[in-house]
Amino acid sequence: MTSYHVTEDPIKKVAIFGGTHGNELTGVFLVKHWLENDTEIQRTGLEVKPFITNPRAVKKCTRYIDCDLNRVFDPENLGKKVSKDLPYEVRRAQEINHLFGPKDNEDSYDIIFDLHNTTSNMGCTLILEDSRNDLLIQMFHYIKNSLAPLPCYVYLIEHPSLKYATTRSIAKYPVGIEVGPQPQGVLRADILDQMRKMIKYALDFIHNFNEGKEFPPCAIEVYKIMEKVDYPRNENGDIAALIHPNLQDQDWKPLHPGDPVFLTLEGKSIPLGGDSTVYPVFVNEAAYYEKKEAFAKTTKLILNARSIRSSLH
């Protein structure tokens, strides 16, 4: 059974990013607090660095200044010659890559937790970029069990053509943390408490792992992205129908072919096409209107992780 056992290097360097989007305030608020007093995020033998990723957007309480910081960590942008003509977020991405990367390099930070809010009714969500990552599947399993009975969903954004180039992707183990619903530019105590717990349990897992605890094989349910769905539009490209009331706030719930998805001003329902049940996420997300995304369709599957323990023990 040794083939089902994985030995991983201990985790040494962890960063917690807040303010990647400057109007998603829970991460901003927590990171600013931890920059003043980091007692709650420190663990023995672990370097944990809280960091505000987009300070200019945070100051203006806007998602970004020139372009979305969470979409520019690709080799092309990271490799561009530094100049004043570059968008602010591309220059900032290069700085962050220098501080916490470089991307795809053994010197990069081990884990980056990137803290986000959504206006959608997604509750506690962990975002996974690699379905074969035993350590992260084990970590997510630990966080989910620790949060129970509060649900915690795992969104798998592995896709052949949808490339994200996220801020956290410079780490060996990137972790997206998304908690909602919360309006942009607003702080809710319940949402903050949930995000704070997710970070606490994640750091507890890393500490236990580094101390030599063995985590037996496990399985988690995940929702894997299939495609993004735009709003119906008229000939001018303007939105011609809204998210149907039956779909609003129903993130993670099964959506069957024929179920109403959109509603026109004339009262006409537009149903889900296709022949398979999907699970919608980011339903009516405010930040995605400009991206022309009404919601994303996911499919539900199980990911398995092998037993893991730290190579130091």
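## Exercises around strand E4

Both faces of E4 are covered: Ile 111, Phe 113, Leu 115 and Asn 117 are buried on one side, and Ile 112, Asp 114 and His 116 are buried on the other. Buried here means under 20% relative accessible area, exposed means over 50%, and partly exposed lies in between (1.4 Å probe, protein chains only). Helices (H or I, at least four residues) and strands (E, at least two) are DSSP runs, numbered from the N terminus.

A word on the ground rules before we start. This is a predicted model, in which local features need pLDDT of at least 70 and side-chain atom pairs count only at pLDDT 80 or more, while totals for chains, interfaces and linings use all residues. Residues are numbered from 1 along each chain as its sequence is written, and side-chain values use heavy atoms, with hydrogens and water left out.

**Exercise 1. Work out how strand E4 is enclosed and which strands it pairs with.**

Step 1: Start with the general pattern. In a regular strand the side chains alternate between the two faces of the sheet.

Step 2: Check the burial along E4, which covers residues 111–117. Seven of its seven residues are buried, so the strand is largely enclosed by the rest of the structure.

Step 3: Look for partners; two strands pair if DSSP finds at least two bridges between them. Strand E2 (residues 13–18) runs parallel to E4 and is joined to it by four bridges. Ala 15 has Ile 112 of E4 as its bridge partner.

Step 4: Turn to strand E7 (residues 173–180), which pairs with E4 in the parallel sense over seven bridges. Here His 116 is matched with Glu 178 of E7.

**Exercise 2. Find two cis peptide bonds and place their prolines.**

Step 1: Go to Ala 148 and Pro 149, which are joined by a cis peptide bond with omega about 10°. Pro 149 sits in the loop between helix H5 (134–147) and strand E6 (152–156).

Step 2: Move on to Gly 180 and Pro 181, also joined by a cis peptide bond, with omega about 10°. Pro 181 belongs to the loop between E7 and helix H6 (189–210).

**Exercise 3. Describe the setting of two non-glycine residues with positive phi.**

Step 1: Take Cys 61, whose phi is near 50°. It lies in the loop between helix H2 (55–60) and helix H3 (75–78). With a relative accessible area of 35%, Cys 61 is partly exposed.

Step 2: Take Asp 104, with a positive phi of about 60°. This residue is in the loop between helix H4 (88–100) and E4. Its relative accessible area is 75%, so Asp 104 is exposed.

**Exercise 4. Is Asp 204 buried or exposed, and which residues does it contact?**

Step 1: Locate Asp 204 in helix H6.

Step 2: Read its relative accessible area, 16%, so Asp 204 is buried.

Step 3: Set aside neighbours within four places in sequence, and Asp 204 is in contact (heavy atoms within 4.5 Å) with Arg 43 and Tyr 142.

**Exercise 5. Put these details into the frame of the whole chain.**

Step 1: Count the elements: the chain has six helices and 14 strands.

Step 2: Consider burial, where 51% of the 313 residues count as buried.

Step 3: Consider range in sequence. Of the contacts with a separation of 6 or more, 75% involve residues 24 or more positions apart.
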